[in-house]
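Hi,

Here is the structure I promised to pass on. Have a look at it first, and then read on for what turned up.

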Amino acid sequence: AGQSVETLVGWRLPNNVPIQEFYGKGEARRNYLAELQRDAHAPVRKKLMTVACRWIAEMDPEDLYEQEVRLMPYVLSALFDADAPTAAAALVELERLGQKYVQTHEQDFVDTLEYGHAEEKAKEDALTLALPPPFSKRPSVGCRARVRQHFRALIHPIVKELQSWAAPERVLSAQLLEVLLVFVEAKVAEFAHQLLPALAKGMDPDDDPGLPPLVGRCAAQFAQ
């Protein structure tokens, strides 16, 4: 059930704050999926990723319309997991989701799949930067489209954390941005006014010495 996802990620409408919480009596909200994502054991993180992908693949379409954007970050985060097999498995699962997305929205991809080979080849030839691990090649058209539809929702928290000097998740946000740019490609241009200030802020070595090299790769990917 889709509402179970909202419970697991501790989500609620931003303007719906129970009055009890003003007095410290509200029900505590916990993001259980985020806790599993940070688990020290790689098999736990890998299982979270595969379960999230199964939910996306099998959930009722009406529920999925609202809940996929809440599940996708846990799948994408597995792409830069410290455990290489987990990262590789996440890419395989995303490609499967991409194939299912094409099957579900077949009419939207007819022109690209039947007549767009030359255009796709030109786009691939224009990509000269090395892709970050675990990518060995450009994701499939369905995989790119499936992830790309959530970029508008995900870019806001990423930019907010990159611009916050105190946010401990800045490196994770930059890692998520790097893999997202692989899927979004040229569509990212419309978000330049949001991304450029955040990238500039992330290049400050005084805030976090490990952040500038990662943000620099994001900036290069964005420029491409």
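**Helix packing and a few loop residues**

In this predicted model, let me begin with two helices and the residues through which they touch: A42, K46, M49, T50, C53, I56 and A57 of α3 are in contact with T86, A89, A90, E93, L97 and K100 of α5. Sorted by class, that contact has eight nonpolar, two polar and three charged residues. Helix α3 covers residues 42-58 and helix α5 covers residues 84-104; their axes lie 10 Å apart, at an angle of about 0 degrees. With angles under 35 degrees counted as roughly parallel, α3 and α5 are therefore roughly parallel to each other.

Next, please turn to α11, which spans residues 192-202 and has A192, Q194, L195, A198, L199 and G202 as its buried residues. Why do the buried residues of α11 line one face of the helix? Looking down the axis of α11, you find them within an arc of 155 degrees, so they line one face. The face turned away from that buried side carries H193 and A200, which are exposed. As for what covers the buried residues of α11, the cover includes α9 (151-162), α10 (170-184) and α12 (211-223).

Two of these neighbours deserve some detail.

The first is α12. Its axis and that of α11 are 9 Å apart, and the two helices pack at an angle of about 150 degrees. Angles over 145 degrees count as roughly antiparallel, and α11 and α12 are therefore roughly antiparallel to each other. Their crossing is left-handed. On the α11 side the contact is made by A192, L195, L196, L199 and G202, and these meet L211, P212, V215, C218, A219 and F222 in α12. By class, there are 10 nonpolar residues, one polar residue and no charged residues in this contact.

The other is α9. The axes of α9 and α11 come within 8 Å of each other and cross at roughly 30 degrees, and the two helices are therefore roughly parallel. This crossing, too, is left-handed. From α9, the residues in contact are I155, H156, V159 and L162, while α11 contributes Q194, L195, A198, K201 and G202. These residues divide into five nonpolar, three polar and one charged.

The loops have a few things to show you as well. Most residues other than glycine have a negative phi, and most peptide bonds are trans. Against that background, there are two places to check:

- P133 and P134 are joined by a cis peptide bond, with omega at about 5 degrees. P134 sits in the loop between α7 (117-126) and α8 (141-148).
- E185 is not a glycine, yet its phi is positive, at about 55 degrees. You will find E185 in the loop between α10 and α11.

Last comes N31, in the loop between α1 (2-8) and α2 (32-37). Is N31 buried, exposed or partly exposed? Its relative accessible area is 26%, and since buried means under 20% and exposed over 50%, N31 is partly exposed. Which residues does N31 contact, leaving aside its neighbours within four places in sequence? They are L8, V9, G10 and Y74. For G10, the C-alpha atom is 4.8 Å from that of N31, with the two positions 21 residues apart along the chain counted as their separation.

Happy browsing, and do write back with any questions.

Best wishes

Notes: Residues are numbered from 1 along each chain as its sequence is written. This is a predicted model: local features need pLDDT of at least 70, side-chain atom pairs count only at pLDDT 80 or more; totals for chains, interfaces and linings use all residues. Side-chain values use heavy atoms; hydrogens and water are left out. Buried means under 20% relative accessible area, exposed over 50%, partly exposed in between (1.4 Å probe, protein chains only). Helices (H or I, at least four residues) and strands (E, at least two) are DSSP runs, numbered from the N terminus. The arc is that of the directions from the helix axis to the C-beta atoms. Contact means heavy atoms within 4.5 Å. Axes are lines fitted to C-alpha atoms, for helices over the stretch in contact, and angles run from 0 to 180 degrees between N-to-C directions. Angles under 35 degrees count as roughly parallel, over 145 as roughly antiparallel, 65 to 115 as roughly perpendicular and the rest as oblique. A crossing is left-handed if the near helix is turned anticlockwise from the far one by less than a right angle, and right-handed if clockwise. Ala, Val, Leu, Ile, Met, Phe, Trp, Tyr, Cys and Pro count as nonpolar, Asp, Glu, Lys and Arg as charged, and the others, Gly among them, as polar.
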